[in-house]
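Hi,

Here is the structure I promised to pass on to you. My notes on what turned up in it follow below.

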Amino acid sequence: MKKNFCFNDCGYLCPVFQQRPDFQRMLRDCERGVFQAVICWKMDRFARNWYDSAMYKYKLKRNGIRIFYAKELIPEGPEGIILESVMEGYAE
């Protein structure tokens, strides 16, 4: 049976990840294999800092977690990596 989890840091405007309690819970749960994918509204809602974004996305992907964005379609492959990098730079 599949379960849905909601990690919602609504109202947390702070870019410091240690002060986003549900984000921290998501990172802990990803290491335990609790879920398989993250759906984020937009890329800039995940992180505003390129370094933090890359570090935490790497951690999720290393644990087999895919990341999807509700408002942005990022293709898989090299073109998706380039597009995501440009969009992350713009968000910062």
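**Overall layout, then helix 3**

Reading from the N terminus, the elements of the protein follow the order α-β-α-α-β-α, which amounts to 4 helices and 2 strands. Please keep in mind that this is a predicted model. Of its 92 residues, 30% count as buried. The accessible surface comes to about 6,700 Å², and carbon and sulfur atoms hold 56% of that. Among contacts with a separation of 6 or more, 56% are between residues 24 or more positions apart.

I spent most of my time on helix 3, which covers residues 50–62. As a check on its geometry, 13 residues at 1.5 Å a residue should span 18 Å, and the end C-alpha atoms are indeed 18 Å apart, so the two agree.

Which residues of helix 3 are buried? They are Asp52, Ser53, Tyr56, Lys57 and Leu60. These residues cover an arc of only 120° around the axis, so they sit on the same side of helix 3. Their cover includes helix 1 (21–31), strand 1 (37–40), helix 2 (43–46), strand 2 (66–69) and helix 4 (78–91).

The face turned away from that buried side carries the exposed residues Tyr51, Tyr58 and Arg62. Tyr51 has a relative accessible area of 53%, and it counts as exposed because the cut-off is over 50%. Tyr51 also joins Trp50 and Met55 in a nonpolar surface patch of about 330 Å².

Happy to talk any of this through.

Best wishes

Key: Residues are numbered from 1 along each chain as its sequence is written. This is a predicted model: local features need pLDDT of at least 70, side-chain atom pairs count only at pLDDT 80 or more; totals for chains, interfaces and linings use all residues. Side-chain values use heavy atoms; hydrogens and water are left out. Patches are made of residues with over 30% relative accessible area and no salt bridge: like charges are joined within 9 Å, nonpolar side chains (Val, Leu, Ile, Met, Phe, Trp, Tyr) within 5 Å. Accessible areas come from the Shrake-Rupley method with a 1.4 Å probe; for residues, only the protein chains shown count as cover. A salt bridge is a side-chain nitrogen of Lys or Arg within 4 Å of a carboxyl oxygen of Asp or Glu. Buried means under 20% relative accessible area, exposed over 50%, partly exposed in between (1.4 Å probe, protein chains only). The expected span of a helix is 1.5 Å times one less than its number of residues. The arc is that of the directions from the helix axis to the C-beta atoms. Contact means heavy atoms within 4.5 Å.
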